[in-house]
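Trainee: Got a minute to walk through this one with me? I'd like to start with the strands and then jump to a helix.
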Amino acid sequence: MRAKTANERIIFGLKVKQLRQQRSYSFDQLSKATGISLSYLNEIEKGKKFPKLEKVDSLAGALGTTTAELTDGELGRELAPVSQLLQSNFLNELPLELFGIELSKVAEIIAAAPLQVGAFISTLLEISRSYALREENFYFAALRSYLELNANYFPELEQAVVSFAGQYKLPAIRPLPPRILGELLEDRFGYEIVPDGLDHEPALAGLRSVYQPATGRLLLNGKLTAVQRGFQFGKELAFNHLKLTERANTSSILKGRVFEEVLNHSKATYFSVALHLPLEPFTRELREFFALPQWDAVAFRGLMQRFNATPEMFYHRLTNVIPQFFGLPELFFLRFVHDRGTDHFIIDKELHLNRRHHPHENGLAEHYCRRWVSLHLLRELSADPRENLRIEAQRSHYYGTDDEYLCITLARTDYPREGKNVSVTLGLLITDALRETVAFLDDPAIPRVVVNTTCERCPIADCRVRAAAPVVVEKRERYRATKAALRELVD
């Protein structure tokens, strides 16, 4: 008999437990009826062991069923959600080991209270259907949790970049010419780079590159800047140097097939960012920027240009370095995409370190606070698309809380995508540590604004940029008034 998978062991153990309890058998009674030891029966029901065929026959006989029915992998109606979860292979795709969780431990939880777990899983599935959540949503959510758990800093990838640069004798001076990385791909890894390889496919205009594994061709969008080309070359070098075989062949993941693909894409991105913005010089120059007595948007942009980085690369590196080397673990990163000429804003990337911060993605189709500097800059860009890059800082105090953030936002046209603007924002929770680190924090030139999360949940009465009525606040007030009136009647 072939070795059983973890899911097969879990389902078999649940069936044995279900039948044993239906017949009101104790472990001791079933052990005597089958000749199987108590400890082994316990291991079976926890999904850790699958017995040999003769013992399966004994169990089937003692439990009043047939061997075929006991091993058919079907659970009853009550446990249908558990069965669907296990048979979907979803648990095997989740990166449980990254969080120190063994699949067998999950099996023990399911086996300990299958009906309750089944109801819980059924609820999650219903919620996911209601909000149109797909499998890849879970992969990207798991990735964010993994990054947040590690403060978005990975020493092994930093060391891999150092080793790579030494192995191929890359120049120490930055910016790193894209030509050097392209030649490495061609000479050392057998790539053929096609600079305008996507230009004849209008449907692929939003992609930066496509890799053809069968031919080794890297097809580039001909509109890419030199910086964008260099970043794509860095990612391809990462896939090869780190031997990341499970990968998407597009520059961005259109749909995550398995979690390893999503994780490897993140590793390749980290590698390329660290290659272009080396740890030591970047940290040193960022420290010099934070020591400036006044906020200076030109100096901030100059720091980004010093390493010839795109805004996304630059902000990615900020989230790597600031928690680890500046002792500022409480920060968030948001990227907004805005369809120019509309009032539609979407968060398509976010990261929260140390805790989930007030500004975050909202899946309820509510309107993000228009007082956020992220949206303010996007709206200004929309009004004047010729001004294709803006940088501003803002101190955002969240209404009704003690939390205030230093937010630094860069907004630009989303080149090469047509008709879109993007903004990237780094938010640093204002603490004593931030006051000691950022000399320009109290610069009066940085506006201080009271903000909220969404218009629907905001009670600020005199907001001149409100995009929607405070319906959630109003509903809450009506509920409180109803409760107060009921208390008057009852008491």
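Mentor: Sure. Bear in mind that this is a predicted model. One term before we start: two strands pair if DSSP finds at least two bridges between them.

Trainee: Okay, so in which sense do E4 and E5 pair, and over how many bridges?
Mentor: Strand E4 and strand E5, residues 345-353, run antiparallel, with eight bridges linking them.

Trainee: What stands opposite Val 337 in E5?
Mentor: That's Ile 346.

Trainee: And the hairpin of E4 and E5, how many residues sit between the strands?
Mentor: Five, and among the hairpin's residues Gly 341 has a positive phi, near 85°.

Trainee: What about E4 and E8, how many bridges there?
Mentor: Nine, again in the antiparallel sense, with E8 covering residues 420-429. Arg 335 has Val 424 of E8 as its bridge partner.

Trainee: Why is E4 described as largely enclosed?
Mentor: Because eight of its nine residues, 331-339, are buried, E4 is largely enclosed by the rest of the structure. Buried here means under 20% relative accessible area.

Trainee: Switching topic: how far does H1 reach?
Mentor: H1 covers residues 6-22, and from first C-alpha to last it reaches 24 Å, close to the 24 Å expected for its 17 residues.

Trainee: How many residues of H1 are buried?
Mentor: Twelve of the 17, so H1 is largely enclosed by the rest of the structure too. The buried ones include Ile 10, Ile 11, Phe 12 and Leu 14, and also Lys 15, Lys 17 and Arg 20.

Trainee: What does Ser 24 do just after H1?
Mentor: Ser 24 takes a positive phi, about 55°.

Notes
Residues are numbered from 1 along each chain as its sequence is written. This is a predicted model: local features need pLDDT of at least 70, side-chain atom pairs count only at pLDDT 80 or more; totals for chains, interfaces and linings use all residues. Side-chain values use heavy atoms; hydrogens and water are left out. Helices (H or I, at least four residues) and strands (E, at least two) are DSSP runs, numbered from the N terminus. The expected span of a helix is 1.5 Å times one less than its number of residues. Buried means under 20% relative accessible area, exposed over 50%, partly exposed in between (1.4 Å probe, protein chains only).
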